[in-house]
Amino acid sequence: MTVDRHALQGVLDGRWARVRDEIRAQMDELAFNPDPNLSTEEYRALTTENLRHLASTGRPRQGFDPVYGGEGDVGGVVTAFAMLGYGDLSLLVKAGVQWGLFGGAVQVLGTSRHHDEYLRQIMDGELLGCFAMTETGHGSDVQHLRTTATYDPATQEFEIHTPDVDARKDYIGNAARDGRMAVVFAQLITQGQPQGVHALLVPIRDESGAPMPGVTIGDCGRKAGLNGVDNGRLMFDHVRVPREALLNRFGDVAEDGTYNSSIANETRRFFTMLGTLVRGRISVAGGAGTATQKALALAIRYGAVRRQFADPSTGEEVVVLDYLVHQRKLLPALATTYALNFAQSDLVSDMHDLQAPGAEGDEWRQRDLETRAAGIKAVATWHATATIQTCREACGGAGYLAANLLPTLKADTDVFTTFEGDNTVLLQLVAKTLLSDYGRRVARLDMAGKARFAADLVAGSVAERTGLRAILRRGDIRDRAYQRWLLVEREQHLLTNAAQRMRKALAPGADQFGIFNGAQDHLLVAARAHVDRILFDSFAAAVDRTGDAGVRNLLGDVLRLYALTVIENDRAFFIEHSYLTSGRAKAVTQAVNALCGRLRPHARTLVDSFGIPERWLDCPLLDGERETGPAAPAPSRDEPSDLASVG
């Protein structure tokens, strides 16, 4: 199988390939892969310098409204942001805070009065800001934040106040050193009535850098990673800001204190407001993806030249990537990384079509986008944590040296699983949406439909108890349609059973919390199955639209490896519920092994096609590769017989 690497890179780069190429050329001017021995202050200063250089390129303007000098290319700026994950993740996060969170909140939650005054300064990096949502005692429970914003009609000002230490704004990027203004999320109170969480612009430093009166700024200090980001703490002691500081797209307060909103329901208004901020969640998933790609590029290239133990038949030492166990460590992870890349590309594209200037709103599509963003962010960041650790182990002692980049990648991405939404909470949100949609579908059925639905449930239960299901639907495990059927059946089975369990909460006098709490593990597994199927579908669509035959065939094998890895990892489910016999489950493992061998000759091509510039991979780990040249690939095993013996 001959594969054109550049054609494969084009498929991976997707809709914003031009942006990716521009970033590859542009980012050479930045100080990436910083010295791990830098002090916290030195690293923060370097990151701020890089941030200002980014601003000078005009790149951050890309995602803002053309009316204010931007380009309106929302998808392009999110793509460019993710590319920073190939270099310095501290810069990625600081840029995300400045232009994604702070600037993004001003753009999507504010109106023209805020845009006119602040957007140009934000885009150009003249006004550095913070996104002050998280509180010490209320991380994920944003709806019940304790900071208050009380309106005083006598002065036409809001009074921002931190009532206790649990309401302190915590882990706030840009707060400890550089931020001059914060978007502060607080409970809005006017005319003695609470109106829910709203966002206000609050100056936190004056022109000299000193804290504003009533503002207390603390420094979170040295962290496990991302030490180029100045995370800090903010407290407000009756700080007053003008009425116009309220970001008033979804709710406003008149001079006399009268509150008005186009969305009457407080809960719906809150979730609509948060939904506009979905860009941050999508960006975190993208950054986790590029960091994972970098780790895999390092580990696979090292594994292709690192030799250990001799082949008794030749006496020559074997490169470690030729060992099945080493392939097993890295190639299934690589397949999942490919699947996440295509799902992320679809997510960014849909977000752009919904949020670009002039785009028409669509409530259903926005809700679907938010659900997918939550699920993909959770899976992408957990995958990054697991895969980077695996890559570190796959490189042995060399992978533990800071100079070889993997320890920094590991430390910097660790927090991705809990910021922009704790992953466990995000998957619960996905499950809740799935259950709501499921309930609506069932409710819309007529009497005949409901009868068929009930009969299907009974038939499924019988098929499971008797083992008949595995006999009636015995497909070829190499076949993509059969793989998808297994993934869809798993998703629907878990969702249906979860819905049956949650129905008990509707009974009069039911312990709703106890029922939900007891089913949480089930809900998380159902949500994860949903995301696994979304990844499969995005990957399959990418394969089908690929014109180059060699690339299409290679991607088809990578897709099969992804699907069979998911099935193998949850083979207990498929056996317990009679989708696979134990013998068929063993065949899945054999097929994964065969695919690892089949893909081994293409491992270098698969990681090179991420298009990571060599400068961003420069480290002693790859010195052996430069001294000897890339190792010759293992003998090709493209013959159909490799997979014909399984399934």
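Three strands form an open sheet in this predicted model. Their order is 4-8-7, and the pairing is antiparallel. Strand 4 covers residues 169–172, and strand 7 covers 215–219. Both stand at the edges of the sheet. Each has a single partner strand, so one side of each is left without a neighbour in the sheet. From one strand to the next, the twist averages 20 degrees.

Take the pairing of strand 7 with strand 8. Strand 8 spans residues 232–236. The two strands run antiparallel and are joined by five bridges. One pair to look up is Ile 217 with its bridge partner in strand 8, Leu 234.

Now turn to the helices. Helix 1 (residues 5–13) packs against helix 9 (residues 324–355). Their axes are 9 Å apart and meet at an angle of about 50 degrees. Angles from 65 to 115 degrees would count as roughly perpendicular, and those under 35 as roughly parallel. The angle here makes helix 1 oblique to helix 9. Helix 1 brings Leu 8, Val 11 and Leu 12 to the contact. Helix 9 brings Tyr 338, Asn 341, Phe 342 and Ser 345. Of the residues in this contact, five are nonpolar, two are polar and none is charged.

Some of these residues return at another site, Ser 609. This serine is found in the loop between helix 20 (603–608) and helix 21 (623–628). Setting aside residues up to four places away in sequence, Ser 609 touches Arg 5, Leu 8, Gln 9, Leu 12 and Tyr 338. Leu 8 and Leu 12 belong to the helix 1 side of the packing just described, and Tyr 338 to the helix 9 side. Is Ser 609 buried or exposed? Its relative accessible area is 0%. Buried means under 20%, so Ser 609 is buried. The side chain of Ser 609 also reaches the backbone oxygen of Thr 605, at 2.7 Å.

Helix 9 appears once more, around helix 4. How many of the residues of helix 4 (residues 74–83) are buried? The count is ten of the ten, so helix 4 is largely enclosed by the rest of the structure. Among the buried residues are Val 74, Gly 75, Gly 76, Thr 79, Phe 81 and Met 83. What covers the buried residues of helix 4? The cover includes helix 2 (17–26), helix 5 (89–109), helix 8 (278–303) and helix 9.

Methods
Residues numbered from 1 in each chain as written. Predicted model: local features only at pLDDT ≥ 70, side-chain atom pairs only at ≥ 80, totals over all residues. Heavy atoms only, no water. Helix = DSSP H or I, 4+ residues; strand = E, 2+ residues; numbered from the N terminus. Buried < 20%, exposed > 50% of the residue type's maximum accessible area, 1.4 Å probe, protein only. Polar contact = N/O pair within 3.5 Å; in protein donor to acceptor, adjacent residues only side chain to side chain. Contact = heavy atoms within 4.5 Å. Pairing = 2+ DSSP bridges. Axes fitted to C-alpha atoms, helices over the stretch in contact; angles between N-to-C directions. Parallel < 35°, antiparallel > 145°, perpendicular 65-115°, else oblique. Nonpolar A, V, L, I, M, F, W, Y, C, P; charged D, E, K, R; others polar.
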